[in-house]
Amino acid sequence: MAEKTADVAVQVRQLFDVKAATWPSKYAPDGRLAVRLTCLADAVMYHLPAGGCVLDLGCGTGELAGAIAAVGMQVTGCDISPEMLRGAAAADPAGAVDWIQLDPGWRRLPFASGSFDVVVAASVLEYVDDPAAVLRECRRVLRPGGVVLCTVPNPQHPVRWLEWLLVVTIRIPLVRVAGRHWLRLDSYLTYLRISQQRHWSRWWHTVAAGAGLIVVRCPADSSERSPLRLLTFRRPDEMRNGTCQPQ
């Protein structure tokens, strides 16, 4: 089982290494992920004043990390894809963000407990074998009262219904053969095969609660109509009698 998990993690790294060259174009003003960038940046600024510490877990080529660093946040971006991080560092010649590479099979984040006010995990949890373990690590590196912002696939959106059907077709030998001759199709089929954590909000809420996080209900959540759903969790504030209890 451990070997299978490690193999999937390597496939995720390889997939995003290939995507790195064109990834920034998705966040251009007319790009497919421009709305996601705006939504996440707004969410970070809603929960955190300028000067706070943010971890962008799965930062890709660094568009979100760069955007929130530009408004005064202290930002660390980490990813398992060296090609994504190479692009992120190249777009950040002033070194406004600390870029950290993670091993594909990481189990513990290389940060001290209570290091961050906000952790962003945008389209990360769908690729990991144990979302609860990742959320526990997010909780550990958060300060008491800190917030986790996650985007996960929204099963209610029609594009996800289509993807469920395509997952079935992956089992058809002819489709797999076609993928070998059409790189774009092969990349998409790989994405569908390794993007396995697709659950309803209640499932994510239960997992987060098990990781010691509290669900935060946002007043205006446009993600209900998006292919990605934004979930917000908070680490409980362990302050008692004016002092923080040791972890």
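Outside the residues up to four places away in sequence, Cys138 touches Leu57, Val119 and Val148. Cys138 lies in helix α5, which spans residues 131-141. With a relative accessibility of 1%, Cys138 counts as buried. Its C-alpha atom is separated by 9.2 Å from that of Phe116, a residue 22 positions away along the chain. These values, like those that follow, come from a predicted model.

The chain contains nine helices and nine strands. Of its 247 residues, 47% count as buried. Among contacts with a separation of 6 or more, 68% are between residues 24 or more positions apart. The mean pLDDT of the chain is 85, and 80% of the residues reach 70 or more. Over residues 239-247, pLDDT stays under 50. For this segment the model has nine contacts beyond four places in sequence. Where pLDDT is low, the predicted coordinates should not be read in detail.

Strand β7 comprises residues 228-234, and six of these seven residues are buried, so that the strand is mostly covered. Strand β5 (residues 142-153) runs antiparallel to β7 and is joined to it by seven bridges. Within this pairing, Leu149 has Thr232 of β7 as its bridge partner. Strand β6 (residues 214-215) is likewise antiparallel to β7, with two bridges between them. Here the bridge partner of Ile214 is Arg234 in β7. In a regular strand the side chains alternate between the two faces of the sheet.

Strands β5, β6 and β7, together with α5, are among the elements that cover the buried residues of helix α9. The buried residues of α9 are Ser201, Trp204, His205, Val207 and Ala208. They cover an arc of only 165° around the axis and therefore lie on the same side of α9. An α-helix has 3.6 residues a turn, so residues three or four places apart point the same way. Exposed residues Arg202, Thr206 and Gly210 are carried on the face of α9 turned away from its buried side. Just after α9, Gly212 adopts a positive phi of about 85°.

A positive phi, of about 55°, is also found at Ser123, although this residue is not a glycine. Ser123 belongs to the loop between β4 (116-122) and α5. Its relative accessibility is 14%, and Ser123 therefore counts as buried.

A second serine, Ser195, is placed in the loop between α8 (183-194) and α9 (201-210). Ser195 counts as buried because its relative accessibility is 2%. The side chains of Ser195 and Glu126 are joined by a polar contact of 2.4 Å. When neighbours within four places in sequence are left aside, Ser195 is in contact with Glu126 and Tyr127.

Tyr127 is also part of a cluster in which ring pairs link Phe16, Trp23, Tyr27 and Tyr127. Across the whole structure, the search finds five aromatic pairs. In one of them, the ring centres of Trp23 and Tyr27 are 6.5 Å apart and the ring planes are at 65°, so the arrangement is edge-to-face. The assignment follows because planes over 60 degrees apart count as edge-to-face. Trp23 has a relative accessibility of 11% and so counts as buried. Tyr27 is buried too, with a relative accessible area of 14%. The rings of Trp203 and Trp204 also form an edge-to-face pair, because their planes are at 90°, and their centres are 4.9 Å apart. Trp204 counts as buried at 1% relative accessibility, whereas Trp203 is partly exposed, with a relative accessible area of 34%. The value for Trp203 falls between the limits of under 20% for buried and over 50% for exposed, so this residue is assigned to neither class. Trp204 is one of the buried residues of α9.

Definitions and conventions:
Residues are numbered from 1 along each chain as its sequence is written. Side-chain values use heavy atoms; hydrogens and water are left out. Buried means under 20% relative accessible area, exposed over 50%, partly exposed in between (1.4 Å probe, protein chains only). Helices (H or I, at least four residues) and strands (E, at least two) are DSSP runs, numbered from the N terminus. Two strands pair if DSSP finds at least two bridges between them. pLDDT is the predictor's confidence in each residue, from 0 to 100. Contact means heavy atoms within 4.5 Å. Rings of Phe, Tyr and Trp (its six-membered ring) pair if their centres lie within 6.5 Å; planes under 30 degrees apart count as stacked, over 60 as edge-to-face and the rest as tilted. A polar contact is a pair of N or O atoms within 3.5 Å; within protein, one must be able to donate a hydrogen and the other to accept it, and residues adjacent in sequence count only if both atoms are side-chain atoms. The arc is that of the directions from the helix axis to the C-beta atoms.
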